[in-house]
Amino acid sequence: MGKKRKHSETTQAVAQPKKEEAAPERPARTLLGWKDKNQVEDDSPIFRNKEKLLVTCSRRINYRYRHLMLNLVTLLPHCKKDNKVESKETKGATLNELVELKNCSSCLFFECRKHKDLYLWMAKCPNGPSVKFLVSAVHTMEELKLTGNHLQGSRPILTFSANFEKDAHWKLLKEMLLQIFETPKDHRKAKPFHDHVFVFSIVDDHIWFRNYQISAHHNESDKLPRGGLDKMTLIEVGPRFCLNPIKIFGGSFGGPTLYENPLYVSPNQIRALEKKKKSGKLAKKVKAKTRRKMHEMSNPLEPDEFADMWKD
């Protein structure tokens, strides 16, 4: 039989006050993931990039633009798709709510107008900034049929032209493109190596996007040394598109205007000018017809002496 516990030990055990069982404090959330306060105070270099991207589009989108969106979804393993959103004035609040529900930090919204014009909203949620682009020169992977090919889910290398360091708004756009298109290192759907390159270059104040495969021709016995870039080649995969920045806003899908492109001309104005040119052609034809009639009236033909010869 076991020994009985003494009365003094039982009283000491009862007399000890219970510790307050409170829930641990929730860590602070940043744009790129969660950070512990202890880690912030210790200045530890360990930080996981937990960037998540929401990709969606507006209703009544064209099939070519929908294929472009699906191409980008296949290229970005850290993105999430959602249902179509109605393109209204309240789309900003709806998209911010969707981003929060999907636990994302960025959003790409493809907005189609008049079944012709495609606008791309690129936003950091919920505090901004956000950019509105006009998308042109769209070529999807299905249209191009290029020979390049890379593994789905592999992490891309992002390259930018030297023009991005020229002005402040280009620097802001470079940082946003870097955060949105860069795949996190430890993402569960990403492959832990690089075999393709995203190229962003500025030509005529437009951002041109290209996707290339990194190809290295070698056998198993003859492997490339580290830094052997002269033996590597780039093969284009697709898709292609061009981004014309319209406005940069301070908030998410709205807010104060930080930058406005002075060289931007809307597609409606371009179509109106073309219509005026066509209407000018018709006016020229009418004027030429009236001038010809006036000339015939002022210069009548002489009567022909043989005109009545065969009437009898």
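This report walks through some local features of a predicted model, from one helix to ring contacts, a pocket and a few unusual backbone spots.

**A helix to begin with**

Helix 3 is a good place to start, and it covers residues 63-75. Its 13 residues, at 1.5 Å a residue, should span 18 Å, and the C-alpha atoms at its ends are 19 Å apart, so expectation and model agree. Which residues of this helix are buried? They are Y65, L68, M69, N71, L72, V73 and L75. When reading such a list, it helps to know that an α-helix has 3.6 residues a turn, so residues three or four places apart point the same way.

**Rings and their partners**

Next come the aromatic side chains. The structure holds 11 aromatic pairs. One of them joins F160 and F200, whose rings are stacked, with 5.3 Å from centre to centre and 15 degrees between the planes. The two partners come from distant parts of the chain: F160 belongs to strand 8 (residues 154-160) and F200 to strand 9 (residues 191-203), with their positions 40 residues apart in sequence. Is F200 buried or exposed? Its relative accessibility is 1%, and because the cut-off for buried is under 20%, F200 counts as buried.

F160 and F200 are also members of one aromatic cluster, which is formed by F160, F164, W170, F181, F198, F200, F209 and F241.

A ring can meet a charge as well. The charged end of K132 sits over the ring of Y119, at 4.8 Å from the ring centre.

**A pocket and one of its lining residues**

Rolling a probe the size of a water molecule over the atoms shows where empty space is left. The second largest pocket has a volume of about 160 Å³. What lines this pocket? The residues are R48, N49, K50, E51, K52, P184, D186, H187 and R188. By type, the lining divides into 1 nonpolar, 2 polar and 6 charged residues.

E51, one of the lining residues, lies in the loop between helix 2 (37-42) and strand 3 (53-57). With a relative accessibility of 0%, E51 counts as buried. P184 is also in the lining; the C-alpha atoms of E51 and P184 are separated by 6.6 Å, although these residues are 133 apart along the chain.

Another contact across the sequence involves K84, found in the loop between strand 4 (79-81) and helix 4. K84 and R60 are 24 residues apart in sequence, and their C-alpha atoms are 9.1 Å apart in space. K84 counts as partly exposed, at 35% relative accessibility.

**Unusual backbone spots**

Most residues other than glycine have a negative phi, and most peptide bonds are trans. The table gathers four places that depart from this pattern.

| Residue or bond | Backbone value | Loop |
|---|---|---|
| C125 and P126 | cis peptide bond, omega about 0 degrees | P126: between strand 6 (117-124) and strand 7 (130-139) |
| G238 and P239 | cis peptide bond, omega about 0 degrees | P239: between strand 11 (232-236) and strand 12 (240-251) |
| N103 | phi near 60 degrees | between helix 4 (91-101) and strand 5 (106-113) |
| K114 | phi near 60 degrees | between strand 5 and strand 6 |

How exposed are N103 and K114? N103 has a relative accessibility of 36% and counts as partly exposed. K114 has a relative accessible area of 56%, and because exposed means over 50%, K114 is exposed.

Conventions: Residues numbered from 1 in each chain as written. Predicted model: local features only at pLDDT ≥ 70, side-chain atom pairs only at ≥ 80, totals over all residues. Heavy atoms only, no water. Helix = DSSP H or I, 4+ residues; strand = E, 2+ residues; numbered from the N terminus. Expected span 1.5 Å × (residues − 1). Buried < 20%, exposed > 50% of the residue type's maximum accessible area, 1.4 Å probe, protein only. Phe/Tyr/Trp six-rings, centres within 6.5 Å; stacked < 30°, edge-to-face > 60°. Lys NZ or Arg CZ within 6 Å of the ring centre and 35° of its normal. 1 Å grid on protein atoms, 1.4 Å probe; cavity = no way out; pocket = protein on both sides within 12 Å on 5 of 7 lines; lining within 4 Å. Points joined across faces, edges and corners; volume = space filled by probe spheres on them. Nonpolar A, V, L, I, M, F, W, Y, C, P; charged D, E, K, R; others polar.
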